[in-house]
Amino acid sequence: MNGESLNIEQDNLAKLKEQFPNLFTEGKLDWEKLKATFSDDINFANERYVLNWAGKSDAFKVLQVPTTATLKPLPEESINFDKTENIFIEGENLEVLKILQKSYYNKIKCIEIDPPYNTGSDSFIYPDSFKESKEEYQKRIGDKDSEGYLMKEGMFRKNSKDSGHYHSSWLSMMYPRLFLAKNLLRDDGVIFIHIDDNEVHNLRLLMNEVFGEENFIASIIWQKRTAPDARTLISEAHDYILVYSKKLAEGKNALNAFDLDENRKESYENPDNDDRGAWASVDLTGQTGRAPKSQFYTINAPNGNQFPPPKGRCWALAESTFYDLLNDNRIWFGKDGTSRPRLKKFLSESEGQRPWTWWDNKTYGHNQEGNKEMMALFENNLVFDNPKPVKLIKKILQLSTAKDSNDIILDFFGGSGTLAQAVIELNKENAGNRKFILVQLPELTEIDGNDFRATSVSSKLGFKTIADISKERIRRVIKKIDREKSEKPDMFDNGKQDLGFKVFKLTPSNFKIWRSGEVNEENLIQQLEAFTNPVHANSPEQNMLFELMLKAGYQLTDKVSHVIPTKEGSAGYYSIADGQLIIALQKLNNKTIQQIIASKP
């Protein structure tokens, strides 16, 4: 009850919607559809098959606006900062993705994200403002609110289903992020996106637009629950995982096969005691379609039996190839030697098994399993509700990455850090060298005494933000493996595993940015004088170093050497990637310049 009389317009619209739901889009009457329904003058403007929404042009504007922000290193929050190649970035992910464009363009093998599902209770940033002052910009990227945490009125807010642009707001949030993410993928890279029924239809169309329909691989159904929910008409048991490739036509083998499971392995036997070990027999026939004449022949078995191709089929091999395999004892005629020939496939030569689109909770994990994993790390406290199970993410990594190729995996909706745990544990299991980059917004866990994104115990345990939870989870996983390593060193591959991560925080540039909108006739001289020193006061040298590396196109994990000149009175400088780039941040003199020239960068 709102104390107002009946809203006649809204009442009439509600009646119209009840009878003609097709006339409404995001709760608003579509006049073009109304006219087409009740008039002979049917003429839809710009008729074509396209995904469109309110604010799409603004989403393009957000995408095109460059950023001057940078990433500040936080060695004190990291583990093995100088050696590790794993990265955690605290900050708003759209800005971070823009910052990473130069350094990581076409470098990421797999992107694995779990974005807001838009259930009506999600809170996220979406673009609705494109003119802002320097102060507003600093607030938006998380530098200047009351305690340094990102919770900005008007930018980061709940997307209620009562909103007239409920779906549009979500699409405007996702579009620029997916566009920038695609730039970072390698040509053989793949992206996995978790979603539920609220937006799966829109996400599929959005991905077709950004990645191309021809690069769609699969829509996986993951059984996330173990029991039905009696409170709903039909209990929701699953989520979707959409899978797209960067360039499927150029990377047909963008995905690996899974190792054979135990049931499949048990189907391999060795009834003829073949020295090559267990094998399984497979059909030797094929479809006649475009088969050449060389695949239509009669097989003469060793016992004298003759086997023409079955009716409507041909042999899958040319005749000469078949007899080569027969001589190599790779053809099986059954135990008594009288059966139709089949090909022997040895377990030792198996390329694994291809997944299908149904991922059951026993094989791939479920929500309760994810909760138990969090509680095991945090003294039986559930500090983040329903994180994805580690088993599920490991399966995705097994499909999309190779253990020994330094593949980089990116998650820019980092959440509780499940991806980081999966990468570290999978590397431990198969001596891999995969690397992760996690990006997580410093969302508050509690606002005005109410739980915001995490659970009731999070803020009580001292975790002010989701990013705090994620970083602490990674630390605890590393410490756990360190303990295992000291107790059972034989389980590890000569100690080569990367047990560390570098922490960075999104922050404004260390260098002064000329903003013409703030300059006028009265303050011009003052503004020019302010730029006689281009560096902001109190900018640490290490912060400037990483900013210059990023903006020169070098990665956050490239080798950095601090060179101290041998000549007395000379300033030090930094050598990046074995001398490819020299960065000097102290006042140069002739001695230092001569030493830099002598190093032949």
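1. A residue counts as buried when its relative accessible area is under 20%, as exposed when that area is over 50%, and as partly exposed in between. This cut-off is needed for several of the points that follow, all of which concern a predicted model.

2. Taken as a whole, the protein chain has 601 residues, of which 46% count as buried, and its secondary structure comes to 17 helices and 26 strands. Among contacts between residues at least 6 apart in sequence, 72% join residues at least 24 apart. The accessible surface of the chain comes to about 32200 Å², and carbon and sulfur atoms account for 48% of that surface.

3. Strand β10, which spans residues 238-245, is largely enclosed by the rest of the structure, because seven of its eight residues are buried. Strand β8 (residues 185-195) pairs with β10 in the antiparallel sense over six bridges, and here Ile-195 stands opposite Tyr-240 of β10. Strand β9 (residues 216-223) also pairs with β10 in the antiparallel sense, over seven bridges, with Ile-220 standing opposite Ile-241 of β10.

4. The structure holds 32 salt bridges, and one of them joins Lys-344 to Asp-272, with the closest N and O atoms 2.7 Å apart. Lys-344 lies in strand β17 (residues 342-346), whereas Asp-272 lies in the loop between α8 (262-266) and β11 (279-282), so the pair ties together parts that are 72 residues apart in sequence. Lys-344 has a relative accessible area of 2% and is therefore buried, while Asp-272, at 25%, is partly exposed. Both residues belong to a network of salt bridges that also links Asp-274, Arg-276, Asp-328, Arg-330 and Glu-349.

5. A salt bridge between two helices is formed by Glu-425 and Lys-394, whose closest N and O atoms are 3.1 Å apart. Glu-425 lies in helix α13 (residues 418-430) and Lys-394 in helix α12 (residues 390-400), so this pair ties together parts that are 31 residues apart in sequence. Glu-425 is buried, with a relative accessible area of 18%, and Lys-394 likewise counts as buried, at 13% relative accessibility.

6. Within a single helix, the side chains of Lys-61 and Asp-58 meet in a salt bridge, at 3.5 Å from N to O. Both residues lie in helix α3 (residues 56-64), where they are three residues apart, about one turn of the helix. Lys-61 is partly exposed, with a relative accessible area of 44%, and Asp-58 is partly exposed as well, with a relative accessible area of 25%.

Key
Residues numbered from 1 in each chain as written. Predicted model: local features only at pLDDT ≥ 70, side-chain atom pairs only at ≥ 80, totals over all residues. Heavy atoms only, no water. Helix = DSSP H or I, 4+ residues; strand = E, 2+ residues; numbered from the N terminus. Buried < 20%, exposed > 50% of the residue type's maximum accessible area, 1.4 Å probe, protein only. Contact = heavy atoms within 4.5 Å. Areas by Shrake-Rupley, 256 points an atom, 1.4 Å probe, with all protein chains shown as cover. Pairing = 2+ DSSP bridges. Salt bridge = Lys/Arg side-chain N within 4 Å of Asp/Glu carboxyl O.
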